[in-house]
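Trainee: I should like to learn how to read charged pairs, chain interfaces and surface patches in a model. May we take them in turn?

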Amino acid sequence: MTTTPWSLTWRHLWASPVRALLTVTAVTVALFLFCFLTSLVTTLDTAVKDSSSRRLFCQSAVSLFVQLPRDYQPKIVQVDGVASVSKLGWFGGYYRDPDSFFAQFAVDVDEFFAMFEKDIRVAEGPNGEAGDSAWEPMLEAMRADRRAAVIGAGIAREFDWAVGDTVPLTATIYPMADGSAWEFNVVAIYEPLKGNVDDRTMYFRYDYLHEALDAGTALGPPGVGAYYVQMEEGQDAAVVSQRVDRLFENGPQVTQTATEAALQASFVAMIGNLPLFVSTIGGAVVFAVLFTTINTMLMAARQRTHEMGVLKALGFSNGALARVMLLESFVLSLVGGGLGLGLAKWAEEPVRQVLGSNFPTYRVEPTTLMAAMAVALVMGFVAGVVPAWMVARVAPTDALRSEG
Amino acid sequence: MKLPLEYSLRNILVRRASAAFTAVGIALTVAVFAGVLSLRAGFESVYQPRGREDLVLFMRQGALSEGESSLSRERVQILKKERPEIAREADGRPRASAETFLAVYLELLDGGLINIPLRGVEEMSIRLHEDQLRLVEGRWLEFGSDEIVVGSTLPSRMRNCSVGDTLVLNTTPFKVVGIFEHDGVHGGEIWGDSDRMIEALDRMGYQRVLAEVVEGTDVEALSEELENDRRAPAQVRSEREYLAAQTNVLGGALQFLALFLSLVMGVAAVLGAAITMLASVASRTHEIGVLLAIGYPRGSIFTAFLIESAGLGVLGGVLGLLIVLPFDGLETGLMNWQTFTDVSFGFTLTPSLMLASFGLAFALGVLGGAVPAWLASRKEPVDALSGH
């Protein structure tokens with residue numbers, strides 16, 4: 001007989017349902033963790049990959065926290081190859097509790113939103129509309145109200161803010177002189193379209209900030225955090241960056257201009273060894289569970305020595321019996337793997353909520369799911385091949401003698 | 001009647017391969033648990049025990065960290081001259097110093113920029129931390145000049161940070177003249193003259209005033225009083241309280257990571273132990289029948305299998321600690337989100353951490369063995385003897 005008794009695999013799985021269930025659960029847990037940890041790393045990578053290499057970021061060469069003078073903006077606009085420039089300022093405020101952190105940036109409305117037209121979409125506009133048709137009304141509303149702000153969908157959910165709300169923020173860098181809170185009017189809610197923008201940011205008008213500082217109603221550094229620079233079509237980023245930096249090489253603040261992608265990459269580098277830790281842990285997890293699965297399969301094989309002897313005596317080939325064992329292992333690891341993957345994808349949103357502002361763009365990429373499936377396949381193979389080999393090796397007479 | 005301990009332990013040896021696999025599973029769980037928590041212990045040791053209660057920080061009200069604070073020259077002078085709470089030297093000088101703080105870009109030796117804290121100090125800053133600062137190379141800077149001293153954790157990682165090097169800040173070159181050691185945060189900082197820093201970096205003023213307060217000062221009351229002061233409003237924190245608050249986010253994240261990972265991995269390890277023990281029980285059904293038939297009570301059979309499983313846990317615990325032990329003291333750098341600066345620190349495997357890890361391993365073994373041991377003890381002697 002040369003056929004493979006596939007139905008045996010099915011019987012084996014049901015012969016010890018508790019063990020099969022435990023193994024599947026172990027694999028599920030391992031693959032879930034694998035997806036989670038890998039996604040932490042890919043989330044950082046995606047932020048870099050999705051960043052524009054056509055948009056430049058001009059900041060102080062000394063420090064992220066040193067401001068540039070306001071009069072740099074008209075000078076940069078004059079540079080050959082530059083299309084438009086938007087101010088960008090870190091506000092550093094919080095709502096009620098300093099721990100409920102989210103980012104707020106002061107920007108120049110027209111220039112900034114034109115640069116990010118392809119990176120975000122309006123989820124809810126001033127009149128309840130969404131998508132492309134809401135874009136122009138959003139800009140109108142921003143232009144019309146000095147205190148207008150556009151917020152990410154993540155913040156809207158977290159604080160239960162809606163379009164039309166007036167929200168108070170306590171400032172850490174720019175406190176009001178009388179100790180009161182800053183007030184912003186939410187005119188629209190956006191959703192990110194790419195990994196370089198998160199959904200936990202608020203954008204508001206730079207002139208609101210500057211006018212308060214100039215009038216003395218608010219205190220704080222009077223300059224500009226950084227400038228976003230949009231290049232004209234067909235310009236070389238390195239050349240334009242150099243032109244900008246050369247303008248200010250003798251001060252008062254030396255600048256460092258680079259593409260947004262380079263900026264994101266440097267942020268990732270600053271995080272330090274975190275990705276390394278995460279990968280190491282992920283490896284340890286997969287190994288630990290691989291051992292568990294191999295263990296189970298070995299045990300299954302040992303218990304079936306007698307049965308295998310009978311089948312061999314009946315004329316089933318070694319190969320056929322090995323395939324039965326391998327299939328069992330594959331079924332266990334693929335079912336477990338599938339569940340783990342599903343769980344990871346399903347938990348994407350809850351995990352993002354828990355991670356909050358540390359990983360606002362957390363996402364389980366399709367490539368991660370594919371890699372995880374590959375890991376499950378390898379697990380199934382490795383865990384199945386050893387017992388399969390054991391079965392093939394044993395002589396029918398020995399096997400029959402064993403009491404199983 | 002109790003089964004001898006050897007019975008359980010010898011059973012582990014019988015199923016060597018399977019026991020080893022289970023122990024390795026537990027070991028890896030314990031290693032991850034201990035590894036992440038020792039990172040956290042190392043990180044917090046940089047901040048926590050060094051802060052002194054009698055040293056206080058004056059910052060602008062509302063600022064959560066010194067990077068966000070800003071104090072003008074006038075305010076600093078008023079605070080230093082007029083506050084009776086600030087201790088004084090024999091010659092009447094206040095034991096207080098105005099400091100600037102800025103996270104500056106510095107190049108790592110192997111490429112890439114990270115944020116390093118640059119602190120502008122006055123001579124009094126060094127005197128106030130006298131008992132914790134040690135000069136290990138060169139000399140202290142000459143105040144009023146463009147000289148800097150560098151914390152001892154930096155030269156081995158960063159460019160332009162060794163004695164004799166020149167570091168250009170904005171447009172001004174600064175000369176490195178000394179290396180100093182500090183077990184706390186200052187060991188990863190660069191120190192220069194605070195007034196020179198304000199000028200070279202075109203800053204608006206100072207970030208904080210560090211001062212020693214006279215004995216019996218109520219810091220909270222002082223802070224409350226100053227927050228509503230018209231001429232020089234400020235918030236006051238003790239150094240200890242301030243430093244502890246700076247570890248909240250990263251320390252919390254590491255703790256969450258350690259607990260989450262060990263929970264999930266722990267589940268997998270328990271399942272592994274359960275599988276091993278189930279098999280151990282299944283293959284000894286006959287033997288269990290014999291034991292029951294000759295009068296061993298069910299309780300001692302339960303205990304014997306539980307001990308076997310706990311033994312696996314102990315084995316895994318030892319193995320896991322052996323895996324993390326080489327990491328102890330290993331230096332690494334992570335970004336502290338709250339100050340947005342790089343902190344370098346070592347894995348610190350404290351005795352209590354080792355004990356906790358070992359306890360975790362033991363618990364994983366016991367949890368994994370509980371159900372199989374119970375199943376074993378519930379077998380009917382007749383069925384068991386006939387091999388069912």
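Mentor: Let us begin with salt bridges. The model is predicted, and a search of the whole structure finds 37 salt bridges over all chains.

Trainee: Which side chains meet in a salt bridge at 3.0 Å, N to O?

Mentor: One such pair is B:Glu181 and B:Arg134. The two residues link distant parts of the chain, being 47 residues apart. B:Glu181 belongs to strand β7 (residues 172-181) of chain B, and B:Arg134 to strand β4 (residues 134-138) of chain B.

Trainee: How should the size of an interface be read?

Mentor: It is often given as the accessible area lost when the parts come together. Between chain A and chain B, the buried area is about 4,600 Å², and carbon and sulfur atoms give 73% of it. In terms of residues, 61 of chain A are in contact with 53 of chain B.

Trainee: How many salt bridges and polar contacts does the rule find across the interface of chain A and chain B?

Mentor: The rule finds 0 salt bridges there, but 8 residue pairs in polar contact, both residues at pLDDT 80 or more.

Trainee: Which elements give two or more residues to the side of chain A that touches chain B?

Mentor: They are α2 (17-49), β1 (55-60), α9 (260-270) and α10 (274-303) of chain A. The largest share, 17 residues, comes from α10(A). By class, this side has 40 nonpolar, 18 polar and 3 charged residues.

Trainee: Which residues form a nonpolar patch on the surface?

Mentor: B:Val318, B:Leu319, B:Leu322, B:Leu325 and B:Phe358 do, with about 400 Å² of accessible area together. Helix α10 (residues 298-324) of chain B gives the largest share of the patch, 3 residues. B:Leu325 lies in the loop between α10 and β11 (331-336) of chain B.

Note on methods:
Residues are numbered from 1 along each chain as its sequence is written. Chains are lettered from A and ligands numbered from 1 in the order in which they are written. This is a predicted model: local features need pLDDT of at least 70, side-chain atom pairs count only at pLDDT 80 or more; totals for chains, interfaces and linings use all residues. Side-chain values use heavy atoms; hydrogens and water are left out. Contact means heavy atoms within 4.5 Å. Buried area is the accessible area (1.4 Å probe) that two parts lose on being put together, summed over both. A salt bridge is a side-chain nitrogen of Lys or Arg within 4 Å of a carboxyl oxygen of Asp or Glu. A polar contact is a pair of N or O atoms within 3.5 Å; within protein, one must be able to donate a hydrogen and the other to accept it, and residues adjacent in sequence count only if both atoms are side-chain atoms. Helices (H or I, at least four residues) and strands (E, at least two) are DSSP runs, numbered from the N terminus. Ala, Val, Leu, Ile, Met, Phe, Trp, Tyr, Cys and Pro count as nonpolar, Asp, Glu, Lys and Arg as charged, and the others, Gly among them, as polar. Patches are made of residues with over 30% relative accessible area and no salt bridge: like charges are joined within 9 Å, nonpolar side chains (Val, Leu, Ile, Met, Phe, Trp, Tyr) within 5 Å. Accessible areas come from the Shrake-Rupley method with a 1.4 Å probe; for residues, only the protein chains shown count as cover.
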